[in-house]
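Me: Got a minute to go through a model with me? I'll throw questions at you as they come up.

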Amino acid sequence: MVYAGFMRRALALVFDWVIVGVLIALAYQFALPPLLAQFKIRALNDQALFAAGFGIYWLYHAVLTCVSRQATVGKIIMGLWVFDMQGQRIGLLRALWRELIKPLLLPFAFILWFTARKQTLHDLLAGTVVLFDR
């Protein structure tokens, strides 16, 4: 295994955005109307819909990163794995932290070009590395 580079990680993220977008669309179309009717809510504002969408995004990434395959579907497609600094699977709390700060620090992803292990800023703060299985 080698450290994953920028393009491979970026393509994995694009795949994941498409998958999460489909999940959000399905939830909005099929799960939201019955829930709103059950709780007698007429409509949700934009902030509530954004929060729900971010929650789906956050849980998708965090849960799939800490289960046995250690990768989201996009990362699996690109042959990537997420490990802690000792080469072990990361736990749920670390995965939640990593995925919470990732959208905020994504503009600084270029930092991976300057680190020995090709870590982004959110990887450095979470103590994780992303490896590519050749």
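Me: Arg98 first: is it buried or exposed?

Reply: Arg98 is buried, at 1% relative accessibility. Buried means under 20% relative accessible area, exposed over 50%, and partly exposed in between (1.4 Å probe, protein chains only). Bear in mind this is a predicted model, where local features need pLDDT of at least 70, side-chain atom pairs count only at pLDDT 80 or more, and totals for chains, interfaces and linings use all residues. Residues are numbered from 1 along each chain as its sequence is written, and side-chain values use heavy atoms, with hydrogens and water left out.

Me: Ok, and which residue does Arg98 form a salt bridge with?

Reply: With Glu99, where the closest N and O atoms are 2.8 Å apart. A salt bridge here is a side-chain nitrogen of Lys or Arg within 4 Å of a carboxyl oxygen of Asp or Glu. Glu99 is buried too, at 0% relative accessibility.

Me: What about Lys102 and Glu99, how far apart are the closest N and O atoms?

Reply: 3.1 Å, and that pair is also a salt bridge. Lys102 and Glu99 are 3 residues apart in helix α4, so about one helical turn separates them. Lys102 is buried as well, with a relative accessible area of 5%. For the element names: helices (H or I, at least four residues) and strands (E, at least two) are DSSP runs, numbered from the N terminus.

Me: How many salt bridges does the structure hold?

Reply: There are 4. One of them joins the side chains of Asp123 and Arg9, at 2.5 Å from N to O. Asp123 sits in helix α5 (residues 121–126) and Arg9 in helix α1, so this pair ties together parts that are 114 residues apart in sequence. Both Asp123 and Arg9 are buried.

Me: Which residues are linked in a network of salt bridges, then?

Reply: Arg9, Arg98, Glu99, Lys102 and Asp123.

Me: Switching to pockets. What's the volume of the largest pocket?

Reply: About 230 Å³. Of its 16 lining residues, Arg9, Ala10, Leu13, Leu106 and His122 are the closest to the centre. So Arg9 turns up both here and in the salt-bridge network. 

Me: How is a pocket defined here?

Reply: On a 1 Å grid over the protein atoms alone, a pocket is an open set of points with protein on both sides within 12 Å along at least five of seven lines, while a cavity is a set where a 1.4 Å probe fits but cannot get out. Lining residues have an atom within 4 Å of a point. Grid points are joined across faces, edges and corners, and the volume is the space filled by probe spheres set on the points.

Me: Which helix gives the largest share of that lining?

Reply: α1, with 6 residues. Both α1 and α4 (92–105) supply at least two residues of the lining.

Me: Now the sheet. What's the strand order?

Reply: β1-β3-β2, an open sheet of 3 strands with antiparallel pairing. β1 (2–3) and β2 (80–84) stand at the edges with a single partner strand each, so one side of each has no neighbour in the sheet. Two strands pair if DSSP finds at least two bridges between them.

Me: How many bridges are there between β2 and β3?

Reply: 5, running antiparallel, with β3 covering residues 128–132. Asp84 stands opposite Thr128 in β3. On the other pairing, 2 bridges join β1 to β3, and Tyr3 has Leu131 in β3 as its bridge partner.

Me: Is β3 enclosed or open to the outside?

Reply: Largely enclosed by the rest of the structure, because 5 of its 5 residues are buried. Thr128, Val130 and Phe132 point one way from β3, and Val129 and Leu131 the other way.

Me: Any backbone oddities? What's the phi of Lys40?

Reply: Positive, about 55°, although Lys40 is not a glycine. Lys40 is in the loop between α1 and α2 (46–66), and it is exposed, with a relative accessible area of 74%. Gln70 has a positive phi of about 60° and is not a glycine either. Gln70 lies in the loop between α2 and α3 (73–78), but counts as buried at 7% relative accessibility.

Me: Last one: which residues form the nonpolar patch on the surface?

Reply: Val14, Trp17, Val18, Val22, Leu26 and Phe30, with about 610 Å² of accessible area together. Patches are made of residues with over 30% relative accessible area and no salt bridge, joining like charges within 9 Å and nonpolar side chains (Val, Leu, Ile, Met, Phe, Trp, Tyr) within 5 Å. The areas come from the Shrake-Rupley method with a 1.4 Å probe, and for residues only the protein chains shown count as cover. Val14 is in helix α1 (residues 6–38) and is partly exposed, at 43% relative accessible area.
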